[in-house]
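New to this one? Here is a quick briefing to read alongside the sequence and the 3D view.

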Amino acid sequence: MGVWKRISNLFAKPEPPKAEKSMLHLNPGDICEVSLVTYEVVGRVHNRARNAVVLTLQDGNQVSYLHIEERETLQFGLYQAIDGRLDNPEEVPTILELDDTTYHLEEQYSGHVTVMGRAPFRQGGEQHVWQYQSDDYHLLRVEWQDGRFMLYEGEEVITGDVKVIRAS
């Protein structure tokens, strides 16, 4: 190594450390941990207007969905797809009863989503969402896109139980 190279290295600024990838920015192929279970991210649905993401997670044959939304803090909900049927997006009720649990509508919104990887809806577009909560804090999520409904049942996950293991 030449003298000038050594001198220039003395005055060179150190390379800044890479920022750690947040759960909101995970993509298919990344690995995360939710409530002590390690998952591979296989799909991602992003609603940019709400700064929200639904990640399709896979652990072996088990598929789960992690809803992440950034408000004052990151909020997480872990869901499983369930069987159910609704006929018309104009007639989604404000109270749903499912398996002796009554869910009350907390929030309803729509927006344009983009899709990557394996997700319940194969392409992006306008998506309508209804989010419910029961008195015992169970969550229910209803999505409608391209003439098709998806229903999910789940629960809130505290921030400390969610972490990025490997991000590309």
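**A greasy patch up front**

V3, I7, L10 and F11 come together as a nonpolar patch on the surface, sharing about 470 Å² of accessible area. Keep in mind that this is a predicted model. From that patch, the tour moves on to an annotated span, one strand with its neighbours, and some charged pairs.

**More on the patch**

- One of the patch members, I7, sits in helix 1, which covers residues 3–11.
- I7 has a relative accessible area of 34%, so it counts as partly exposed.

**The annotated span**

- An unreviewed UniProt entry carries the annotation "domain: DUF4178", and that annotation covers residues 28–157.
- Residues 28–157 are 69% strand and 0% helix.
- The C-alpha atoms at the two ends of that span are 21 Å apart.

**Strand 1 and its partners**

- Strand 1 (residues 31–34) is covered on both faces: I31 and E33 are buried on one side, and C32 and V34 are buried on the other.
- Strand 1 pairs with strand 2 (residues 37–47) in the antiparallel sense, over 4 bridges.
- Looking for a spot to see that pairing? V34 has V37 of strand 2 as its bridge partner.
- Strands 1 and 2 make a hairpin with 2 residues between them, and S35 in the turn has a positive phi of about 50 degrees.
- Strand 1 also runs antiparallel to strand 11 (residues 162–166), and 4 bridges join the two.
- Here E33 has K163 of strand 11 as its bridge partner.

**Salt bridges**

- How many salt bridges does the structure hold? There are 6 of them.
- D87 and R85 meet through their side chains in a salt bridge at 2.9 Å, N to O, and both residues are exposed.
- E69 and R71 also meet in a salt bridge, at 3.5 Å from N to O.
- Is E69 buried or exposed? With a relative accessible area of 4%, E69 is buried.
- Its partner R71 is partly exposed, because its relative accessible area is 37%.
- E143 and R141 form a salt bridge too, with their closest N and O atoms 2.9 Å apart.
- E143 counts as buried because its relative accessibility is 3%, and R141 counts as buried at 3% as well.
- Some salt bridges share partners, and these link R50, E69, R71 and E107 into one network.

Notes
Residues numbered from 1 in each chain as written. Predicted model: local features only at pLDDT ≥ 70, side-chain atom pairs only at ≥ 80, totals over all residues. Heavy atoms only, no water. Patch = residues over 30% accessible without salt bridge, like charges linked within 9 Å, V, L, I, M, F, W, Y side chains within 5 Å. Areas by Shrake-Rupley, 256 points an atom, 1.4 Å probe, with all protein chains shown as cover. Salt bridge = Lys/Arg side-chain N within 4 Å of Asp/Glu carboxyl O. Buried < 20%, exposed > 50% of the residue type's maximum accessible area, 1.4 Å probe, protein only. UniProt positions renumbered as here; feature names shortened; annotations may be inferred. Pairing = 2+ DSSP bridges.
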